[in-house]
Amino acid sequence: MMSGLQVEKWNTETDGPLNEASMRRKLKGYSCIKYTFPPGTDFPDHTHNVSKKDSIIAGQFRFAMKGREVILQPGDMIEVPAGVVHNASVIGSESVVFFDATK
């Protein structure tokens, strides 16, 4: 697995305990839509018309963009620029709880 994607990590010292309310506080200024994706969910290559920030509350999410791949863990956030091809999938046996955040 290649790393190098800019993943913003949760910091319990500054962000507090990870939960939906604290993630919404950290994403202040963003419009957030919460999704729950069951194990095995796969999102093939696609783009979005707007830039967004994917933010993980629970579970593990494999995310690939620009030829690089990372496993997003709870508390991880990643910027997805508008028009950039990316793909993702839920890994493991736990559902992913996820905020799709846009400005």
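The following questions and answers concern a predicted model and the packing of its strands and side chains.

Residues are numbered from 1 along each chain as its sequence is written. In this predicted model, local features need pLDDT of at least 70 and side-chain atom pairs count only at pLDDT 80 or more, while totals for chains, interfaces and linings use all residues, and side-chain values use heavy atoms, with hydrogens and water left out.

Q: What percentage of residues 35-100 is strand?
A: The unreviewed UniProt entry annotates residues 35-100 as "domain: Cupin type-2"; such annotations may be inferred rather than shown by experiment. Strands here are DSSP runs of E of at least two residues, and helices are runs of H or I of at least four, numbered from the N terminus. Over this range the end C-alpha atoms are 8 Å apart, helix accounts for 0%, and strand accounts for 62%.

Q: Which strands lie at the edges of the open sheet that contains β8?
A: Strands pair if DSSP finds at least two bridges between them. The open sheet has 4 strands in the order β3-β8-β5-β6, with antiparallel pairing. Each edge strand pairs on one side only, and these strands are β3 (42-46) and β6 (68-72).

Q: Which residue of β8 is the bridge partner of His-46?
A: Strand β8 (residues 86-91) pairs with β3 in the antiparallel sense over 3 bridges. Within this pairing of strands, Phe-43 has Ala-88 in β8 as its bridge partner. For His-46, the bridge partner in β8 is His-86.

Q: Which residue of β8 stands opposite Met-65?
A: Strand β5 (residues 60-65) runs antiparallel to β8, and 6 bridges join them. The residue of β8 opposite Met-65 is His-86.

Q: Is Lys-52 buried or exposed?
A: Lys-52 is placed in strand β4 (residues 52-58). Buried means under 20% relative accessible area and exposed over 50%, with partly exposed in between (1.4 Å probe, protein chains only). Because its relative accessibility is 5%, Lys-52 counts as buried.

Q: With which side chain does Lys-52 make a polar contact of 3.0 Å?
A: A polar contact is a pair of N or O atoms within 3.5 Å; within protein, one must be able to donate a hydrogen and the other to accept it, and residues adjacent in sequence count only if both atoms are side-chain atoms. At 2.7 Å, the side chain of Lys-52 makes such a contact with the side chain of Asp-54. The polar contact of 3.0 Å is with the side chain of Asp-100.

Q: Which strand gives the largest share of the largest nonpolar core?
A: A nonpolar core is a set of buried Ala, Val, Leu, Ile, Met, Phe, Trp, Tyr and Cys residues joined through side-chain atoms within 4.5 Å. Of the 15 residues in the largest one, Phe-61, Phe-63, Leu-72, Ile-78 and Val-96 touch the most other members. At least two residues each come from β5, β6, β7 (77-80), β8 and β9 (96-102). The largest share, 3 residues, comes from β5.

Q: How far apart in space are Met-77 and Val-7, C-alpha to C-alpha?
A: Met-77 is found in strand β7 and counts as buried because its relative accessibility is 1%. Leaving aside neighbours within four places in sequence, its contacts (heavy atoms within 4.5 Å) include Val-7, Trp-10 and Leu-27. Met-77 and Val-7 are 70 residues apart in sequence, whereas their C-alpha separation in space is 5.7 Å.
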